Every structure is written in C-alpha cells, then in structure tokens.
Amino acid sequence: MNKLIITCAISGAEVTKADNPYVPYTIEETVEEAYQAYLAGAAIIHLHVRNDDGTPTQDKKRYEEAIMAIRKKCPDVIIQPSTGGAVGMKRDERLQPTELSIEMATLDCGTLNFGFDDIFVNTENDIKYFAKIMNEKQIIPELECFEKGHIDMVLRLYKKGFIFDPLHFSFVLGVNGGMTGEARDFHFLRKSIPSGTTYSVAGIGRYEFPLAELSIQHGGHVRVGLEDNIYLSKGVLAQGNKELVKKVVEMAKKYQREIATPDEARQILNFKEKKRDKTL
Ligand code: KMH
Ligand code: ZN
C-alpha cells in the first residue's frame, strides 16, 4: 500500500490549556509542538496561531513568525496554515496566511453548525473566493469536508472550473453539527470522491483513533492533533501532540503502512508543479 501521510493539527482555535496544558499559545510553544510532532512522524503541520493569551488570530505577522521559526527547526516539513481560523472571522481576515509564501492551506468547503449558537460560515461564494486566491498563488488546498454535501460542493465547483487539481480531501468528522465519524460515514465519504484523488481523515474527540485505523486500512491518510482530540486514550490526556502522532505510527505498523516523509508526501499529493518555498 502507499505510504501514510500523517498531518498533525497541533492547536486549532478552540481548545485551551484548561482542556490540555500542552495546547500551544506562544511562538515557542507552537514551534516545539510542531517540531516534536514532526520528529514523531508528521509530514504536515496543520497550523493555527494564537496570541500569547491563547486567543485565536489569523494575523499575518504572527503566522510569519511561527512559520519561519518552524522552518528553522524542520525545514522540510509541510506547513498547512488554516484559512478557517475561528468561528466569526471574516473572509479577508481568514485569508491572511495566504499572503505568505506557503505550499498548502485549508479550504473549508461548506457551512455547518459548530456547537451551541456557533455557525462556521463557508458560503459558495466564500469557497470560490478562497479557491481563486489559492489557485493564483499556487497554494494547494486541503479540501476540508465536514459532511457529504461539502464533497458535492467541491465536485460541482471542480466541474465548473473554480477548484483545480490536485484534489486532496480532508474528511473532518464528529464536529457537533457536522457528520458523525462512524465507520459507515467514513466508507460513504471515501466512496464519494473520484478514484485517484487522495484523502485524509480527521476524527474529532473519540472518533480520532477509530477513524485513523480505518483510513490506514483503506489507503487513506490521517490527521491527529490536539485541535481534534486531547486524549491519548479514554480519560488520559495526551502529553503533547507527539503522543497522538506516535500512536498512529504504531497503528500503521500493524497494517504494514510505512510513514511518508514530507518529500514523499509532496509526491503522493502531487505537489510537483509547485516549487518548495523555504523562505518567506
Ligand atoms: N476552527 C474552525 C472554526 C480550518 O482550519 O480550516 C475551523 C477550522 C478549519 O479549524
Ligand atoms: Zn483547523
């Protein structure tokens, strides 16, 4: 089987140190969590940044600082900034990281309830706008789909010429308001994307490891990290992102899936046309 790409979502915008003290806020903490996840086997770092007090920000300068510092420690890792940011942020605020020299970024492919009164807004026009900017800047989108309708949106926009190859899907399952992360959901989604396209699965909370295992078994890729899940096992807090990554590495051995290096991940995800940027 193909090699396994592990993405680590080290912080997200919602979890706090009160949930798990390893959630990084400062640049130093962010770099350390990224570096340890990379050493453990992550080829891609899905990156949100925070202010020192833990509040989420999409500030370009803050991303620049974090990205440069991560590149210093692990120059080959793929850094995938979020353009989702936090609920309530506006288009151009969210898009700030795309003004930097980056290879990849998230593209959220539909609106959904996001717990309590929150709505994570990604209208069709938002998606077209984000896709256009990423395409112009040759940033490869990680197509985040929280339910089947989001995949349908991608395929429609792909057909109409708003979204381009390479298609790489990320099924983010188990958000309170999105699709659940049961095995049947995973199979439905993986069978709903065109053959030959790649996908990764991110299970929220208790879905993280069962979905990781299913994806490993079926040739998909895996995202784990404190953004999605703070526990190593039931009731046991993960002592950093590295523990979550290591657990996936161990799981992969069971199914003879070797772990992809960042350069192998670039090949698997068809980054070929895009030159690697080491500097900003
Ligand atoms: N924080 C969520 C509202 C992304 O990174 O693109 C959105 C999110 C998705 O995390
Ligand atoms: Zn995110």
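Along the chain, the donors of the zinc ion (ligand 2) follow the spacing H-x1-H-x178-E. In this predicted model, the protein atoms that donate to the zinc ion are NE2 of H46, NE2 of H48 and an OE atom of E227, and they lie 2.1 to 2.2 Å from the ion. The site thereby links distant parts of the chain, since H46 belongs to strand β2 (residues 44–47), whereas E227 falls in the loop between β12 (221–224) and β13 (231–233), 181 residues apart from H46.

Two of these zinc donors, H46 and E227, also approach ligand 1 through their side chains. An N or O atom in the side chain of E227 is 3.0 Å from an oxygen atom of ligand 1, and for the side chain of H46 the corresponding distance to an oxygen atom of ligand 1 is 3.2 Å. A backbone contribution comes from G84, a polar backbone atom of which is placed 3.3 Å from an oxygen atom of the ligand. Taken alone, ligand 1 exposes 300 Å², and 98% of that area is buried by the protein.

Ligand 1 occupies the largest pocket of the model. Around ligand 1 there are 14 residues, of which E14, S82, G85, T106 and D108 come nearest. When this shell is divided by class, four residues are nonpolar, six are polar and four are charged.

Two features of the backbone were also identified, each of them in a loop. The peptide bond that joins D165 and P166 is cis, with an omega of about -5°, and P166 is placed in the loop between helix α5 (148–159) and strand β10 (168–173). The second feature concerns F116, a residue other than glycine that nevertheless has a positive phi, with a value near 50°; the position of F116 is in the loop between strands β7 (112–113) and β8 (119–120).

Definitions and conventions:
Residues numbered from 1 in each chain as written. Chains lettered and ligands numbered in written order. Predicted model: local features only at pLDDT ≥ 70, side-chain atom pairs only at ≥ 80, totals over all residues. Heavy atoms only, no water. Near = heavy atom within 4 Å. Polar contact = N/O pair within 3.5 Å; in protein donor to acceptor, adjacent residues only side chain to side chain. Areas by Shrake-Rupley, 256 points an atom, 1.4 Å probe, with all protein chains shown as cover. 1 Å grid on protein atoms, 1.4 Å probe; cavity = no way out; pocket = protein on both sides within 12 Å on 5 of 7 lines; lining within 4 Å. Sits in = over half its atoms within 2 Å of the grid points. Nonpolar A, V, L, I, M, F, W, Y, C, P; charged D, E, K, R; others polar. Donors = N, O, S within 2.8 Å, 3.2 Å for Na, K, Ca; no water. Helix = DSSP H or I, 4+ residues; strand = E, 2+ residues; numbered from the N terminus.
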